[in-house]
Amino acid sequence: MNEIRSILKTMDYGVAPEEATHVLAWLKKHDGRFGHFIDGAFTKPGKAQFAVHNPGNGEKLADVAKAGRVEVDAAAKAATLAFAKWSTLSGAARARHLYALARQVQKHARFLAVLETMDNGKPIRETRDIDVPLVARHFYHHAGWAELRDEEFPGWAPAGVCGQIIPWNFPLLMLAWKVAPALAAGNTVVLKSAEHTPLSALAFAELAAEAGLPKGVLNIVNGDGETGALIVGHPAFAKIAFTGSTGVGRLLRRQTAGTGKKLTLELGGKSPFIVFDNADLDAAVEGVVDAIWFNQGEVCCAGSRALIQEGVAEKFLAKLRARMEMLRVGDPLDKSVDIGAVVAPVQIESIRAKVEQAVAEGATKWQPSWAGDIGAGSQAKGCFFPPTLFTGVQPASTIAQEEVFGPVLAAMTFRTPAEAIALANNSRYGLAASIWSQNLDTAFDAARKMKAGVVWINSTNLFDACAGFGGYKESGFGRESGREGMFEYMVPAWTKKAKPVAVTATPGAPLPESAGPAGDGLDRTLKLYIGGKQARPDSGYSYPVTDAKGRVISEAPLGNRKDIRNAVEAARAASGWSDLTGHGRAQVMYFLAENLEARAGDFERSLARMGASPSAAKREVEASVGRLIHWAAWADKHDGAVRGPAARMLSLALNEPYEVIGVSCPDEAPLLAFVSLVAPAMALGNRVVVTPSPMKPLAALEFLQVLDTSDVPGGVVNIVSGDRESLADTLAKHDDVAAHWYFGSAEGSAMVERESAGNLKAAWVNHGLARDWFDPVQGQGEEFRLRATRVKTIWTPFGV
Amino acid sequence: MTTKTKDSALAGALAKTGSSLVTVAPRRARNVIGPLRPEWFEAIDVNLSATERRAATLTTRRSVKKAHQAAWLVRAIECMDLTTLAGDDTPGRVDRLCAKARHPLRDDLKAALGLAGYDLKTGAVCVYPAMVPHAVKALRGSGIPVASVATGFPAGLTPLKQRLEEIRYAVGEGADEIDIVIHRAHALTGDWAALHDEVAQMRQACGEAHMKAILATGELKTLSTVYKASMVAMQAGADFIKTSTGMEAVNATLPVSLVMVRALRDYRALAGYDIGYKPAGGIRQAKDALAYLILMKEEMGRDWMQPDLFRMGASALLADIERQLEHFVTGRYSSTDRHGMA
């Protein structure tokens, strides 16, 4: 045995491959051919098929059927048929099913880990220690939500049949993230796996069937983007959930616009990894390993932009390069591998192109000394890419702006904490951020200022079923995991019976400014309200406001896109409002209520002029005062939550405002609807640009007098009257507006959803359906709080 | 970094052609007693959770199996300070230990591993000062160094004069290595100047004998204190830094080791000297030894997988390694009785 002697010289690790025998046997049992899992059984593979390869060695693993219209129809039908029974099953019964799924995953943990590694190329260490345990955890956690749904979510109902489309980077984990909450809430599912990685979903389907999950509750189809488009366009689905690229997310937003489908998008990112000079640098170096060399960097929330404080940058990068030398790239089944195979040759090409572009743009590339050996010998048929570091990157560099989705880190430096935050937020994305500092103040200050849905302090890429995950800005909307994730699979129960709104008219042709109304008595000149000042409309036109009989009773300023632009700028500038304490905002809200009440008579008269009976006008003003008080009450109580995913870990779920919200008001209840929308938005820290009812704008335009006298800072509420549809079009297309609430026609709703795809703002539209603004649930329910804020999850490990 | 390149270049020239595969190398420049430089450590603040996470994944990211595992376990024997530190130690007990150090593995197993004729021995034998003369005698001609604890081990609370005298006694009796304990109060109160001063005096007292500084990390508690104490000990001339006495409630752990190894890496970058590392206490199983070897390889590289820069203080570890090696050779799980006890 000269072998021992030679090892004693090199002290190498050798190879330690995980056995693939059981997975190969499973593939063989299926003759290497898979259909879809529909209505509790596998379909025959059929003709339309695609091949699935092991990216670690290029070998074909299986042929898998591709779902077309017929298969998607069949799956949708099965899910629809199963919905009635599943959604009304007791929480305890659904919990037992979810619990059984969790146990199945645990019982077959190694099989699933090996299969996932062979299908995706990620190292066995990750599937074994991270992916699969998180999958089991997700089903256990959501078994709990199934049990608690009726108790914890009164007034909410399951959305319906869900179409779910998952990516190839965490195939089984993304399945769990999608399927567990959907089933827990009482929905049924058609899930499409990614074309590169369909196998673990099929294995899971088999386990689910073994565990006795009722047929039709979970259906799995294989396919590519075409199949995905069929699902998204299918009328059976009430909810579409997608994880994938921002580009495809935009398409989905447009495709689902106006269909009434609920949508969540978990998209791309270019997440900052901030190293302050008071960080534990060695810890941060390991953080980088977990940030960008986890899963080959094919992680939407990968810390791909390192921002390092100048004073420690050189030292940090030296440590990082030394660490990179020790990384091992190779056979994903080898237990001593850090970085496995990239999912497919096409992805390698994409990474390579982006690396070449970065070099061409002048960034300095660094790879470990052994990078040249990659892809040689036994690796020749695998998809391998070395860990790569770019320095000399500028914020304007493409590599600093665009997602690579590979093991490539772009490093930049900063001088001050303020600059770190500015650079970190200088991205169209906002998925995650990782902050390294041993100073509590530095870390929390940065965490709070990140425009990102997940912030990890002194840690990175941590996930747990109890902690929400999802993006700000063009990283998408909606949350997965935790309580917040459950809402994404439910709708307010009353909406299931909502009726269409009466058809609304559009305002009459503008009048020349000189032409006054043929009214009785002196009419005030109404103006727009922008940045705390009354403003004449940019157009220089007014339009007639008529009463129920069509008589002109007043004129309203005809706002246009430039007025919206000015209003958004004013709202953007009024950031102090979002930083104000809830207590401070509450006082302003109470003051507003008082002042509205003091002028109740004026508002009743305006409502009466627009056609309300005196009693109805009185009731509406009273309700509006009540609503302001209601939201004053909430201003300092929409607190978020503290969760403990581990003994020495806090995960804080903070409800943060969207900051700038566009609001398009309906025609019904012209004052109450206006107040019902503006009040929660502002109470919870947003600044709004609101277009009042175009047909009945008087009370809302007069409301500026109340705003002016109630200490509302300029720019917090901006009022632009005019044609709702054209103004909504400008708001929806405005990239500096983070959310848009639209209450008008079905067509307008479709337009807003479609155009919101530009910056992927969160759109809340009524789809032309009516809402009883006087009803406490419909007019001020939990839905408003959820729509006015987005959850930021801050993870902070601690210990000494 | 330049130091390393130079050493590697020398390595080939100086490596002995003898029967051991421990690369004996380049005579490394020995650490010197330098001034106290607080600026090298005072800003350090070690993050516990991140350190634990790295420590926990060291052994899940790397796996050493089959022949590689056998070879690594052989190396673990070579890096072992076979230790007896008990009140009932006698010359006879020390003789037995020394015999085991000379002959740590059954000849048939050595042969089966392809190591017939290989000079397999432990890194050192570690005893109390009073046992040094016996150990020296028992190990004569073996090339195995005698290590002695000193300085009022384990508490280190006898008067400094006596602690220094204890070192001089052990060295005088022939100890090649001295494992000193630091005065924990200096570290716990942050009196780094006092700690530096004492350790420097101890190093002086060691003379040619190599000095391992035991930090008693289980009593220092926080990782930041461990880092700072490591750095001060090295600045005061320690040749090795060592975790524990074996008498603390918590002895060597991977997170503590990670911090100490990072400290010696930083010291290497700043001062240019290669310092050795010795975890001790609680290392009882073969897989523990593998974990420490993985840590050394990952954080420091192959040079720190050799006895000149890496030791593990252990008393029960060897027995488990012998059983694991027999299992590798025969495919059968072994029993302790099949191997001569220490």
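This is a guided tour of a predicted model with two chains, A and B, moving from whole chains to single residues.

**Chain A as a whole**

Begin by selecting chain A alone and colouring it by secondary structure, which brings out 28 helices and 34 strands. The radius of gyration of chain A is 28 Å, close to the 28 Å that the globule rule gives for 800 residues, so chain A is as compact as a globular protein of that length. If you turn the chain along its principal axes, its C-alpha atoms fill a box of roughly 110 × 60 × 45 Å. Of the 800 residues of chain A, 58% count as buried, and among its contacts between residues at least 6 apart in sequence, 75% join residues at least 24 apart.

Next, colour chain A by domain, using residues 22-243 for domain 1, residues 271-474 for domain 2, and the two segments 531-638 and 653-788 together for domain 3. With these colours in place, look from domain 1 of chain A to domain 3 of chain A, whose centres, taken over C-alpha atoms, are separated by 42 Å.

**The nonpolar cores**

Now select I274(A), M589(A) and V678(A), the residues with the most contacts inside the largest nonpolar core, which has 261 residues. Helix α7 of chain A, residues 171-185, gives the most to this core, with twelve residues. To see what surrounds one of these residues, centre the view on I274(A) and leave aside residues up to four places away in sequence; I274(A) then touches L307(A), A420(A), A424(A), A433(A), S434(A), I435(A), W436(A) and A446(A). A second, separate core has 116 residues, and selecting L58(B), M80(B), C98(B) and A205(B) will show you some of its members.

**Chain B as a whole**

Switch to chain B, where the same colouring by secondary structure shows 14 helices and eight strands. For 342 residues a compact globule would have a radius of gyration near 20 Å, and the 19 Å of chain B agrees with this. The C-alpha atoms of chain B fill a box of roughly 55 × 45 × 45 Å along the principal axes. Buried residues make up 57% of the 342 residues in chain B, and of its contacts between residues at least 6 apart in sequence, 74% join residues at least 24 apart.

**Where the chains touch**

Show both chains again and select the contact between them, to which chain A gives 33 residues and chain B gives 30 residues. On the side of chain A that touches chain B, the elements giving two or more residues are α1 (2-10), α6 (124-152) and α11 (281-292). Among these, α1(A) gives the most, with seven residues. Colouring this side of chain A by residue class brings out twelve nonpolar, nine polar and twelve charged residues.

**A three-stranded sheet in chain A**

Zoom in on an open sheet of chain A whose three strands stand in the order β1-β5-β4, with mixed pairing. Strands β1 and β4 of chain A stand at the edges, each with a single partner strand, so one side of each is left without a neighbour in the sheet. On one flank, β1 (residues 33-34) and β5 (residues 60-65) of chain A run parallel and are joined by two bridges; here F34(A) has V64(A) as its bridge partner. On the other, β4 (residues 49-53) of chain A and β5(A) pair in the antiparallel sense over five bridges. Along this pairing, select Q49(A) with its bridge partner A65(A), and then V52(A), which stands opposite A62(A). Six residues lie between the strands in the hairpin of β4(A) and β5(A), and in this hairpin G58(A) takes a positive phi near 75 degrees.

**Backbone details to finish**

Most residues other than glycine have a negative phi, and most peptide bonds are trans. With that in mind, select N461(A), which is not a glycine yet has a positive phi near 50 degrees, in the loop between β19 (454-457) and β20 (472-473) of chain A. N461(A) counts as buried, because 21 C-beta neighbours lie inside 10 Å. Then move to E659(A), again not a glycine, with a positive phi of about 80 degrees, in the loop between β28 (649-657) and β29 (660-664) of chain A. E659(A) is buried, with 21 other C-beta atoms within 10 Å.

The last stop is in chain B, where a cis peptide bond with an omega of about 0 degrees joins F153(B) and P154(B); P154(B) is found in the loop between β3 (146-150) and α7 (160-172) of chain B.

Conventions: Residues numbered from 1 in each chain as written. Chains lettered and ligands numbered in written order. Predicted model: local features only at pLDDT ≥ 70, side-chain atom pairs only at ≥ 80, totals over all residues. Contact = placed C-beta atoms within 7 Å. Helix = DSSP H or I, 4+ residues; strand = E, 2+ residues; numbered from the N terminus. Nonpolar A, V, L, I, M, F, W, Y, C, P; charged D, E, K, R; others polar. Core = buried A, V, L, I, M, F, W, Y, C linked by C-beta atoms within 7 Å. Buried ≥ 20, exposed ≤ 12 C-beta atoms within 10 Å, placed from the backbone. Domains from an automatic or database assignment. Rg over C-alpha atoms; globule rule 2.2 N^0.38 Å. Pairing = 2+ DSSP bridges.
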